[in-house]
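User: Please go through the packing and the pocket of this model with me. I will ask one point at a time.

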Amino acid sequence: MATALSIKNMVCNRCVMAVDSVLKALGLHPQSVTLGEAKVTETLSPEQMETVRTHLSELGFELLDDRRQQVIDRIRKAVIGLVRRREDRPSRNLSEVVAAELHQDYSTLSRLFSEVTGKTIERYYMEQRIERVKELIRYDEMTLTEIACQLDYSSVAYLSSQFKTVTGMTPTRFKALKENTRRPIDEI
């Protein structure tokens with residue numbers, strides 16, 4: 001019988017490859033590895049689970065046992081997916097995306113997220129969007145107008161206002177900085 005593992009801090013394809021590699025190195029047979037989840041063909045003993053937990057922890061991942069934490073991780077994954085793949089999706093609002101991906105009522109999910117993390121889903125979404133804006137500014141391939149359009153901001157002024165609220169500086173000031181003040185996605 002297969003074992004499903006919920007894994008926190010998986011935020012990109014490199015994370016998927018790293019988890020897949022760890023599982024194979026431990027002699028396990030992954031059926032699938034996706035953001036936030038891995039399935040192995042084996043039924044894992046408590047000792048094996050602890051070994052997996054230890055090896056994943058060494059790479060900055062966390063094996064989730066608590067059902068509430070698993071839901072929080074799925075919400076984070078949905079928000080990150082919305083921000084990162086915004087240009088691939090039709091314009092949908094945050095609550096629709098989160099509710100649809102988790103197949104639960106948004107108000108229930110929102111209340112749980114706030115209880116556990118101390119911030120709203122909307123605030124988390126705004127922080128993720130601003131980190132994406134920082135990334136796109138650093139690439140220096142798009143204008144602020146193009147960035148605003150790609151991330152579905154209603155205007156450059158609104159993007160700038162949110163940017164300043166989160167970072168304490170304007171996008172122009174951020175662009176002029178030589179130091180990298182971006183935060184890793186999993187630390188937001």
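Analyst: Start with Y124, which is buried, at a relative accessible area of 2%; buried means under 20% relative accessible area, exposed over 50%, and partly exposed in between, with a 1.4 Å probe and protein chains only. This is a predicted model, in which local features need pLDDT of at least 70 and side-chain atom pairs count only at pLDDT 80 or more, while totals for chains, interfaces and linings use all residues. Residues are numbered from 1 along each chain as its sequence is written, and side-chain values use heavy atoms, leaving out hydrogens and water.

User: How is the pair of rings F113 and Y124 classed: stacked, edge-to-face or tilted?

Analyst: Rings of Phe, Tyr and Trp (its six-membered ring) pair if their centres lie within 6.5 Å; planes under 30 degrees apart count as stacked, over 60 as edge-to-face and the rest as tilted. F113 is in helix α5 and Y124 in helix α6, 11 residues apart. Their ring centres are 5.6 Å apart and their planes at 55°, so the pair is tilted.

User: Is F113 buried or exposed, and at what relative accessible area?

Analyst: F113 belongs to the pair that links distant parts of the chain. F113 is buried, and its relative accessible area is 0%.

User: Which residue lies over the face of Y124?

Analyst: A charge sits over a ring if NZ of Lys or CZ of Arg is within 6 Å of the ring centre and within 35 degrees of the ring normal. At 5.8 Å from the ring centre of Y124, the residue over its face is R76.

User: Which helix gives the most to the largest nonpolar core?

Analyst: A nonpolar core is a set of buried Ala, Val, Leu, Ile, Met, Phe, Trp, Tyr and Cys residues joined through side-chain atoms within 4.5 Å. The largest one has 22 residues, and I75, V79, L94, V98, L102 and I121 touch the most other members. At least two residues each come from α3 (67-84), α4 (94-102), α5 (106-117) and α6 (121-139), helices being DSSP runs of H or I, at least four residues, numbered from the N terminus. With eight residues, the helix that gives the most is α3.

User: What is the volume of the largest pocket?

Analyst: The residues closest to its centre are V11, C12, N13, L35 and I185, out of 16 that line the pocket. The largest share of the lining, five residues, comes from α3. The space in the largest pocket is about 410 Å³.

Terms used: 1 Å grid on protein atoms, 1.4 Å probe; cavity = no way out; pocket = protein on both sides within 12 Å on 5 of 7 lines; lining within 4 Å. Points joined across faces, edges and corners; volume = space filled by probe spheres on them.
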